[in-house]
Amino acid sequence: ARGCRDPVSACSAQPLAELQSSHRNGFSTVDVTMLVNDESVRTERLWLRPARLADVDDICRNIADWDVIKMLALPPWPYTRADAEVFVQRSSGLMIELDGEVSGCMVVGDNDGRDFFGYWIGKRCWRKGFATEAALALIPRYFADPEKQELHSAMLADNIASWHLQSKLGFEKLGEGKGFIVSRQAWLPNLQTRLTRDAFESNGL
């Protein structure tokens, strides 16, 4: 499928997400998160779980949108069902399922040999707090390992909504660079970011 890999692997950008303030406005908190098994988590509104072949149509419907794709590093454009099939086979992230439909994906932890935070989320879920809810369920699980001290991420420099989410979680900017965006066939300015254990635990979320 034209070399398509996991869309959140080695991301240079994240999709636009919600602009809501925090879980204090009704989003799920860690105490209402239920660990279903080693790889699945249920929150107040979401099921975070590994990908399945049955998810292909949902994934294609939600990611095959220029406003989503243009903010991600690796997915091609146009995005086809074949690309979604490859994604399901290779994804190291957890699917974000809402009301029976996979509407996004989030990686928190080891991804291609580094500890990484990345996500994409379909437009129908923007500005409703779902990325915040997923992150607040998964990041505490990551830091529950005493060996884990920091997560890294990146986003396009003009992705204001993604930085809004990351700054709320406690990420800090490390510097600027450029990343190749496959869908645009261009090198574009990006921001490198980091979340430390201390910053996350002290931000009160």
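**Salt bridges, strand pairing and the largest pocket**

A search of the whole structure, which is a predicted model, finds 15 salt bridges. Side chains of opposite charge can pair when their charged atoms come close. Three of these contacts make a good starting point for a tour of the fold.

One salt bridge brings together the side chains of Lys-123 and Asp-65, with an N to O distance of 3.4 Å. Lys-123 sits in the loop between strand 6 (114-121) and helix 4, and Asp-65 in the loop between helix 1 (56-63) and helix 2 (66-69), so this pair ties together parts that are 58 residues apart in sequence. Lys-123 is partly exposed, with a relative accessible area of 36%.

Another salt bridge links Glu-101 with Arg-124, whose closest N and O atoms are 3.7 Å apart. Because Glu-101 belongs to strand 5 and Arg-124 to the loop between strand 6 and helix 4, the pair ties together parts that are 23 residues apart in sequence. Here a buried residue meets a partly exposed one: Glu-101 has a relative accessible area of 18%, whereas that of Arg-124 is 36%. The value for Glu-101 counts as buried because the cut-off is under 20%.

Asp-115 and Lys-148 also form a salt bridge, in which the closest N and O atoms lie 3.5 Å apart. Asp-115 is found in strand 6 and Lys-148 in the loop between helix 4 and strand 7 (150-156), so parts 33 residues apart in sequence are tied together by this pair. Lys-148 is partly exposed, at a relative accessible area of 24%. Through shared partners, salt bridges also join Asp-58, Arg-61, Glu-101 and Arg-124 into one network; the contact between Glu-101 and Arg-124 was described above.

Attention now turns to the strands. Strand 4 (residues 94-98) is mostly covered, with 5 of its 5 residues buried. In a regular strand the side chains alternate between the two faces of the sheet. In strand 4, Leu-94, Ile-96 and Leu-98 point one way, while Met-95 and Glu-97 point the other way, and all are buried. Strand 4 runs antiparallel to strand 3 (residues 47-49), to which it is joined by 3 bridges. Within this pairing, Glu-97 of strand 4 is the bridge partner of Trp-47.

Further along the chain, strand 9 (residues 186-196) pairs with strand 7 in an antiparallel arrangement of 7 bridges, where Leu-156 stands opposite Asn-190 of strand 9. Strand 9 is also joined to strand 8 (residues 172-181), again antiparallel, by 9 bridges. Gly-175 has Gln-192 in strand 9 as its bridge partner. Strands 8 and 9 form a hairpin with 4 residues between them, and Gln-185 in the turn has a positive phi of about 50°.

Finally, the largest pocket has a volume of about 310 Å³. Its lining consists of 14 residues, and those nearest the centre are Glu-39, Ser-92, Leu-94, Val-108 and Arg-141. Strand 5 (101-111) and helix 4 (130-143) are the elements that give two or more residues to this lining, with strand 5 giving the most, at 5 residues. By class, the lining holds 7 nonpolar, 3 polar and 4 charged residues. Two of the elements met earlier thus return here: strand 5, which carries Glu-101, and strand 4, whose buried Leu-94 is among the residues nearest the centre of the pocket.

Conventions
Residues are numbered from 1 along each chain as its sequence is written. This is a predicted model: local features need pLDDT of at least 70, side-chain atom pairs count only at pLDDT 80 or more; totals for chains, interfaces and linings use all residues. Side-chain values use heavy atoms; hydrogens and water are left out. On a 1 Å grid over the protein atoms alone, a cavity is a set of points where a 1.4 Å probe fits but cannot get out, and a pocket is an open set with protein on both sides within 12 Å along at least five of seven lines; lining residues have an atom within 4 Å of a point. Grid points are joined across faces, edges and corners, and a volume is the space filled by probe spheres set on the points. Ala, Val, Leu, Ile, Met, Phe, Trp, Tyr, Cys and Pro count as nonpolar, Asp, Glu, Lys and Arg as charged, and the others, Gly among them, as polar. Buried means under 20% relative accessible area, exposed over 50%, partly exposed in between (1.4 Å probe, protein chains only). Two strands pair if DSSP finds at least two bridges between them. A salt bridge is a side-chain nitrogen of Lys or Arg within 4 Å of a carboxyl oxygen of Asp or Glu.
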